[in-house]
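Grab a pencil and work through these exercises on one protein chain. Try each task before you read its solution.

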Amino acid sequence: MRYSILIPVYNSAAYLPACVDSVLAQEISDFEVILVDDGSTDGKSGGICDAYAQKDSRVRVIHQNNQGALMARYNAMQAAIGDYFCFLDSDDWWEQDALSVIDKAITTHEPDMLIFRYRCKTKFRTLYSAAPFPHETVLSAADKKDLLQAIAGEQINAYPIKAVKREIAASVDLSHYSHLTVSEDLLQTVLWFDRADSVLFLHDVLYNYRDNENGITRAPFSKKHFTSLVTVEHFVYRYLQSAPHATEKALQSHVQVALSKISRDIGRIACARIPFKEKEELFSFVLTLPYFKEELFEKKLYAAFGYNTKKRFDHLLNRRYKQLILWEKTVDFPQKCKSALKAFLLRFC
């Protein structure tokens with residue numbers, strides 16, 4: 001079997017048929033599809049999976065209790081028999097020639113991993129994933145510093161835009177990270193790249209990402225999600241500190257991006273309609289996480305926010321949230337993060 005197409009499914013009955021149909025319509029037929037029904041509760045998704053398995057012998061279904069997307073993919077990888085693993089989210093879809101393009105590139109270059117691009121249509125515009133390397137660039141182990149720079153800058157981290165050789169994917173035991181609920185794309189990318197000796201990059205846009213208004217990135221603050229986010233970011237920070245090909249520039253880029261994402265969630269705490277005491281407890285919880293004790297991260301926080309509003313933040317948060325200060329003087333800090341923090345200051349200071 002040449003390819004295993006792995007699709008975790010959770011309450012996605014509205015979009016699942018379009019997703020699976022886009023795979024089954026591929027011109028190349030040497031593949032299997034593994035649908036993992038991750039404890040769906042909508043009463044429909046599991047049945048749709050079974051219906052596809054009954055009418056197409058290339059489709060297999062795994063039903064499991066809800067374990068999250070990361071473990072759904074991991075369990076699918078354990079059951080897969082293809083030489084290369086490809087991935088989709090159950091509300092997205094492939095271009096009609098996706099597998100043909102992937103197969104041609106893999107046949108020609110035989111990489112450990114292939115990366116292509118995605119398209120995302122929102123209400124206002126169409127977005128495309130980054131193209132940090134020329135088309136059909138083959139990156140070897142000697143080029144890992146360039147790969148790490150792209151990872152640190154969040155340019156190639158989405159897992160569905162990758163085809164990964166079975167030996168590379170199977171060498172990573174993701175069961176150690178079963179508690180993660182967000183940022184697992186970044187974790188998988190780092191672990192796969194660490195083991196890959198050759199990575200092929202294509203400019204072809206083969207994947208269509210559905211803009212989901214109910215997605216995690218737009219959800220209210222969740223302590224579980226935030227802990228997962230910081231856990232992954234801290235793992236990457238440590239990796240970039242120790243990886244032989246990592247540069248100081250990559251480490252700086254990672255911290256800047258991580259600071260932006262973490263501040264987004266901090267803004268959610270600030271704007272949440274919950275009692276102030278609960279906000280204070282959440283801020284205190286944030287500072288117990290190990291990432292905030294890293295020297296470079298702490299320096300970036302102070303560089304971003306300055307010192308002038310230190311007193312009122314200390315008073316407001318009982319001297320336990322000293323890092324977030326003076327967003328007004330920041331030049332390069334993301335505007336959306338400044339806006340969230342401004343909302344916090346105006347509301348409670």
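**Exercise 1. Find the largest nonpolar core and say which residues have the most contacts inside it.**

Step 1. The largest nonpolar core has 93 residues, and Trp-94 and Ile-102 have the most contacts inside it. A nonpolar core here is a set of buried Ala, Val, Leu, Ile, Met, Phe, Trp, Tyr and Cys residues joined through side-chain atoms within 4.5 Å. Buried means under 20% relative accessible area, exposed means over 50%, and partly exposed is in between (1.4 Å probe, protein chains only).

Step 2. Helix H8 (residues 223-242) gives this core its largest share, eight residues. Helices (H or I, at least four residues) and strands (E, at least two) are DSSP runs, numbered from the N terminus.

Step 3. Now look around Trp-94, skipping neighbours within four places in sequence: its contacts include Ile-5, Val-23, Cys-86, Leu-99, Ile-102 and Tyr-207. Contact means heavy atoms within 4.5 Å.

Step 4. Here's the general idea: in soluble globular proteins, nonpolar side chains tend to be buried together.

Before you go on, a word on the model: it is predicted, so local features need pLDDT of at least 70 and side-chain atom pairs count only at pLDDT 80 or more, while totals for chains, interfaces and linings use all residues. Residues are numbered from 1 along each chain as its sequence is written, and side-chain values use heavy atoms, with hydrogens and water left out.

**Exercise 2. Describe the protein chain as a whole: how many helices and strands does it have, and what share of its residues is buried?**

Step 1. Count the elements: the protein chain has 13 helices and ten strands.

Step 2. Of its 349 residues, 52% count as buried.

Step 3. Take the contacts between residues at least 6 apart in sequence: 80% of them join residues at least 24 apart.

**Exercise 3. Which faces of S2 are covered, and how does S2 pair with S1?**

Step 1. Eight of the eight residues of S2 are buried, so this strand is largely enclosed by the rest of the structure.

Step 2. Sort them by side: Phe-31, Val-33, Leu-35 and Asp-37 are buried on one face, and Glu-32, Ile-34, Val-36 and Asp-38 are buried on the other.

Step 3. S1 and S2 run parallel and pair over seven bridges; two strands pair if DSSP finds at least two bridges between them. Leu-6, for instance, has Ile-34 in S2 as its bridge partner.

Step 4. Compare S8, where Thr-137 and Leu-139 make up a covered face and Val-138 and Ser-140 an uncovered one. S8 is joined to S10 by four bridges, and these two strands are antiparallel.

**Exercise 4. Where is Pro-8 found, and what does Pro-8 touch?**

Step 1. Pro-8 is in strand S1.

Step 2. Pro-8 counts as buried because its relative accessibility is 11%.

Step 3. Leaving out residues up to four places away in sequence, Pro-8 touches Val-36, Ala-69, Ala-72, Arg-73, Leu-88, Ser-90 and Tyr-159.

Step 4. Check a distance too: the C-alpha atoms of Pro-8 and Asp-89 are 6.4 Å apart, although their positions lie 81 residues apart along the chain.

Step 5. Ala-72 and Arg-73 turn up again among the buried residues of helix H3 (residues 69-79). The cover over the buried residues of H3 includes S1, S2, S3 and S4.

**Exercise 5. How many aromatic pairs does the structure hold?**

Step 1. There are six aromatic pairs. Rings of Phe, Tyr and Trp (its six-membered ring) pair if their centres lie within 6.5 Å; planes under 30 degrees apart count as stacked, over 60 as edge-to-face and the rest as tilted.

Step 2. Try Phe-87 and Tyr-159: 5.7 Å centre to centre with 75° between the planes makes an edge-to-face pair. This pair links distant parts of the chain, with Phe-87 in strand S4 (residues 84-87) and Tyr-159 in the loop between helix H5 (144-152) and strand S9 (162-165), 72 residues apart.

Step 3. Check burial: Phe-87 is buried at 0% relative accessibility, and Tyr-159 is buried at 2%.

Step 4. Add Trp-192, which forms one aromatic cluster with Phe-87 and Tyr-159.

Step 5. Finish with charge: Arg-73 lies over the face of Tyr-159, 3.7 Å from the ring centre. A charge sits over a ring if NZ of Lys or CZ of Arg is within 6 Å of the ring centre and within 35 degrees of the ring normal.
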